[in-house]
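User: I'd like to learn how to read helix packing and salt bridges in a model. Can you walk me through one?

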Amino acid sequence: MIALDTNVLVRYLVEDHEAQSKAAKRLIKKVVAADDLLFVADIVLVETVWVLSRSYGFSKSEIVKVMCLLLSARNLKWESADRISRVLAAFEKGRGGFADYLVRQMGRENGCQDVATFDRKLLKEDGFIKPG
């Protein structure tokens, strides 16, 4: 099994660099042909969402669609597919960023009731509180 870095995943998704995009596709085809797995860490998804949004102008709905397709890919192994599914659902409906909901979900999985934040838009949602 090989772990994917953000730049490889992004090159595969957006095909914006000919040589790197081809290399990413070759790797993925090789893994699929061997019926092997590629590992995707949660942090890679955080970075990927950020890059797709900030660098490539993807909308939230486009990002959710791409992430859902990735989650359904048979040859990708996730750090936690259930966690990412819950985070995607919250991200799709909420006001915050993907990372905000990942922090909240990981906190909940580790016994936390809330996330302390100064982000005003998040303070209107369940699971986020103002510090102090």
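User: How do the axes of helix 3 and helix 6 cross?

Analyst: General idea first: two packed helices are described by the angle between their axes and the distance between the axes. Here the axes of helix 3 and helix 6 come within 9 Å and cross at roughly 155 degrees. An axis is a line fitted to C-alpha atoms, for helices over the stretch in contact, and angles run from 0 to 180 degrees between N-to-C directions. That makes helix 3 roughly antiparallel to helix 6 (under 35 degrees counts as roughly parallel, over 145 as roughly antiparallel, 65 to 115 as roughly perpendicular, the rest as oblique). Before you go on, this is a predicted model, where local features need pLDDT of at least 70 and side-chain atom pairs count only at pLDDT 80 or more, while totals for chains, interfaces and linings use all residues. Residues are numbered from 1 along each chain as its sequence is written, and side-chain values use heavy atoms, with hydrogens and water left out.

User: What are the elements of the protein, from the N terminus on?

Analyst: The order is β-α-α-β-α-α-β-α-α-β-β, which comes to six helices and five strands. Helices (H or I, at least four residues) and strands (E, at least two) are DSSP runs, numbered from the N terminus. The C-alpha trace spans about 50 × 30 × 20 Å along its principal axes.

User: Which residues meet where helix 3 packs on helix 6?

Analyst: From helix 3 you get Asp42, Leu45, Val46 and Val49, and they meet Phe98, Ala99 and Leu102 in helix 6. Contact means heavy atoms within 4.5 Å. The residues of this contact divide into six nonpolar, no polar and one charged. For that split, Ala, Val, Leu, Ile, Met, Phe, Trp, Tyr, Cys and Pro count as nonpolar, Asp, Glu, Lys and Arg as charged, and the others, Gly among them, as polar. As for the spacing you see in such lists, an α-helix has 3.6 residues a turn, so residues three or four places apart point the same way.

User: How far does helix 6 span, and what is expected?

Analyst: The expected span is 1.5 Å times one less than the number of residues. The twelve residues of helix 6 (98–109) should span 16 Å, and the end C-alpha atoms are 17 Å apart, which agrees. Helix 3 has 13 residues and reaches 18 Å from its first C-alpha to its last, close to the 18 Å expected. After helix 6 comes glycine 111, whose phi is positive, near 90 degrees.

User: Which residues of these two helices are buried?

Analyst: Buried means under 20% relative accessible area, exposed over 50%, partly exposed in between (1.4 Å probe, protein chains only). In helix 3 the buried ones are Asp42, Val44, Leu45, Val46, Thr48, Val49, Val51 and Leu52. In helix 6 they are Phe98, Tyr101, Leu102, Arg104, Gln105 and Gly107. The buried residues of helix 3 pack against helix 1 (6–14), strand 2, helix 4, strand 3, helix 5 and helix 6. Those of helix 6 are covered by parts including helix 3 (42–54), helix 5 (81–93), strand 4 (115–116) and strand 5 (128–129). For the whole protein, buried residues make up 39% of the 132 residues.

User: How many salt bridges does the count come to?

Analyst: Side chains of opposite charge can pair when their charged atoms come close. The rule is a side-chain nitrogen of Lys or Arg within 4 Å of a carboxyl oxygen of Asp or Glu, and the count comes to ten. One of them joins arginine 83 and aspartate 42 at 2.4 Å, N to O. Arginine 83 lies in helix 5 and aspartate 42 in helix 3, so the pair ties together parts that are 41 residues apart in sequence. Both arginine 83 and aspartate 42 are buried.

User: And where do aspartate 35 and arginine 74 lie?

Analyst: Their side chains form a salt bridge too, at 2.7 Å, N to O. This pair links distant parts of the chain: aspartate 35 sits in the loop between helix 2 (18–33) and strand 2 (38–40), and arginine 74 in the loop between helix 4 (60–71) and strand 3 (76–78), 39 residues apart. Aspartate 35 is partly exposed at 48% relative accessibility, whereas arginine 74 is exposed at 60%.

User: What about lysine 121: which side chain meets it in a salt bridge?

Analyst: That's aspartate 119, at 3.3 Å, N to O. Lysine 121 is partly exposed at 37%, and aspartate 119 is partly exposed at 21%. Elsewhere, salt bridges that share partners join Asp42, Glu79, Arg83, Arg86 and Glu109 into one network.
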